[in-house]
Amino acid sequence: MDLLANLLLGLETAITPTNLFYCFAGVFLGTFVGVIPGIGPLAAISMLFPITFYLDPTAALIMLAGIYYGTTYGGSTASILLNMPGATSSAVTCLDGYPMAQKGRAGVALFMTTIASFAGGSIGIVILSLFSPVIAEYALTFGPAEYFALMVLGLVAASTITNATPSKGIAMVILGMLIATVGIDSQSGAARFTFGSMSLMDGFGISAMAMGLFGIGEILSSVGTKRDGSIDRESTRLRNMVPTRKDWARSWKPGLRGSAIGSFFGALPGTGPSIAAFMAYAVERRVSATPERFGKGAIEGIVAPESANNAADQTAFIPTLALGIPGSATMALMLGALMVHGIQPGPTLISQQPSLFWGLVMSFWIGNLLLLVLNLPLIGLWVRLLMVPYHYLYPAILVFVCIGAYSVRTNPADVLMVLGFGVLGYLMRLADLPAAPLLLGFVLGPLVEMQFRRAMVLARGDFTVILERPLAGTVLALAALLLIWTMIGALRRYRYKVRIRRSSH
């Protein structure tokens, strides 16, 4: 009965005209910001953050949250149509979404993305409502050893999410971790690999890397080779956007698994939707009976990460609001909006500010419904972007990429970083090296280092203490088994190719 009373209180708060308006404004802005390559939720929320000083705290949080999960909806559009993730959490969608668009199934890909996003977000909201205290308490018991083990598992999984050989995937993960070491060491304060440059003191920006590898790299490899208006106009008709029965059959299980993975990783402080999306993709590729379809337009490769990152967007509010631990820079801005109004996030927030917490939860339902209504009718418009002559399109893309890269940290050097990562992405394409593991290695690298150093301090330098902890030891054992399984699979594929080559001669 307490849950029902809280939900009714939240619904009463969320459906006030003021809160409805700011919910719509947030998801509307978030969707269109997400569609534009290069401008992610952090940039959008940062630009609109001063507005919250003059709003009621509930309305301010509802609007910022709408921008946050609305950007995830829109970010997949640029990933599918242009191979350019509008948000980092949508980067993995490029792997199968863009090949589907090239096959003339962009409408189906966008349709299933919208449905998967709605389903994942809905499941995340249910978990947030029902299990928020339990998940928050469980996440609070995680120590540095457990977080280190989870990060290692994520990195091992990252090396297997593409069709490249495991050695290439592992090499790219390590390269991403090495790039992440550039900048000020958060624990000692020493500058590492900056070569005296002030622009590198803050390290490389994640936005610069994502847009360079996936965006500029795509432009460099496509200019002069793409045909203008290559998509069939028939694919923009509504009847051709409806998924087939086989598409639905292949999608519902990945959607459920992705939502579960996203809900779990979203609730852990310091992880978030990007890691959830990569993990969901890796799991689907592992459990699939036909893993060779991934990277070539497999619909499971869209549904799983999209449901995961949207579920994670919702459950990310659990550690942020219930524990006062922001899982990302975007969540830190959410906490800032509360603190501006004198509200202290933490375990007492739900009991002391019930209308704010439950009003925010119920606004998620309203926002997800609004996004469903907004996105489905606009699928035809997004698909028609493929009909724009590419020599008109890519200069505009470059402008948005530069604006997005600059706006995140207002650092002109980030624009040069985008160009540098773009050249790197182009060279990686020529060498058939996967970009997604590099990106995840860059994201997880600082977390792995931080948690490992904390664990070593607590263990007095004895690594076996980490292995003796039940959860950490189990997760590390799973990571080792996954690595061995991957290597054995690669060895079998190599032997099979050798036999085929010999038999052909």
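**Close-up views of a predicted model**

Ile15 is partly exposed, because its relative accessibility of 45% lies between the limits of 20% and 50% that bound this class. This residue opens the series of views below, which are drawn from a predicted model.

**View 1. A nonpolar patch on the surface is built by Leu4, Leu8, Leu11, Ile15 and Leu20.** The patch covers about 410 Å². Its main contributor is helix α1 (residues 2-14), which supplies 3 residues. Ile15 is located in the loop between α1 and α2 (17-35).

**View 2. Tyr69 and Phe364 form an aromatic pair across distant parts of the chain.** Aromatic pairs number 13 in the whole structure. In the pair shown here, Tyr69 and Phe364 adopt an edge-to-face arrangement, with 5.6 Å from centre to centre and 85° between the planes. Tyr69 belongs to helix α4 (residues 57-82) and Phe364 to helix α17 (residues 354-375), and the two residues are 295 residues apart. Is Tyr69 buried or exposed? Tyr69 has a relative accessibility of 1% and is therefore classed as buried. Phe364 is likewise counted as buried, its relative accessibility being 0%. Together with Tyr68 and Phe317, Tyr69 and Phe364 make up one aromatic cluster.

**View 3. Leu356 of helix α17 is shown together with Ile62.** Leu356 is buried, because its relative accessibility is 2%, a value under the 20% limit. Leu356 and Ile62 are 294 residues apart along the chain, yet a distance of 9.3 Å separates their C-alpha atoms.

**View 4. Arg105 and Asp247 meet in a salt bridge.** The search of the whole structure gives 7 salt bridges. In the bridge between Arg105 and Asp247, the closest N and O atoms are 2.5 Å apart. This pair connects distant parts of the chain: Arg105 lies in the loop between α5 (94-102) and α6 (106-140), whereas Asp247 lies in helix α11 (residues 245-267), 142 residues apart. Which of the classes buried or partly exposed applies to Arg105? With a relative accessible area of 28%, Arg105 is partly exposed. Asp247, at 6% relative accessibility, is buried.

**View 5. Glu284 and Arg257 form a salt bridge between their side chains.** The N to O distance in the bridge of Glu284 and Arg257 is 2.7 Å. Glu284 is part of helix α12 (residues 273-287) and Arg257 is part of helix α11, so the bridge ties together parts separated by 27 residues in sequence. Glu284 counts as buried at 3% relative accessibility, while Arg257 counts as partly exposed at 32%.

**View 6. Arg293 is joined to Glu300 by a salt bridge.** The closest N and O atoms of Arg293 and Glu300 lie 2.4 Å apart. Glu300 has a relative accessible area of 8% and is therefore buried. Elsewhere, Arg192, Glu449 and Arg453 are joined into one network by salt bridges that share partners.

**View 7. The charged end of Arg286 is placed over the ring of Trp485.** The distance from this charged end of Arg286 to the centre of the Trp485 ring is 4.8 Å.

**View 8. Phe265 is a buried residue, whereas Phe264 is partly exposed.** Phe265 has a relative accessible area of 7%, which places this residue in the buried class. The relative accessibility of Phe264 is 36%, and this residue therefore counts as partly exposed.

**View 9. Cys23 and Cys94 are two buried cysteines.** A disulfide is a covalent bond between the sulfur atoms of two cysteines. How many disulfides does the structure hold? The number of disulfides is 0. Cys23 counts as buried because its relative accessibility is 1%. Cys94 is also assigned to the buried class, at 3% relative accessibility.

Key
Residues numbered from 1 in each chain as written. Predicted model: local features only at pLDDT ≥ 70, side-chain atom pairs only at ≥ 80, totals over all residues. Heavy atoms only, no water. Disulfide = S-S within 2.5 Å. Buried < 20%, exposed > 50% of the residue type's maximum accessible area, 1.4 Å probe, protein only. Phe/Tyr/Trp six-rings, centres within 6.5 Å; stacked < 30°, edge-to-face > 60°. Helix = DSSP H or I, 4+ residues; strand = E, 2+ residues; numbered from the N terminus. Lys NZ or Arg CZ within 6 Å of the ring centre and 35° of its normal. Patch = residues over 30% accessible without salt bridge, like charges linked within 9 Å, V, L, I, M, F, W, Y side chains within 5 Å. Areas by Shrake-Rupley, 256 points an atom, 1.4 Å probe, with all protein chains shown as cover. Salt bridge = Lys/Arg side-chain N within 4 Å of Asp/Glu carboxyl O.
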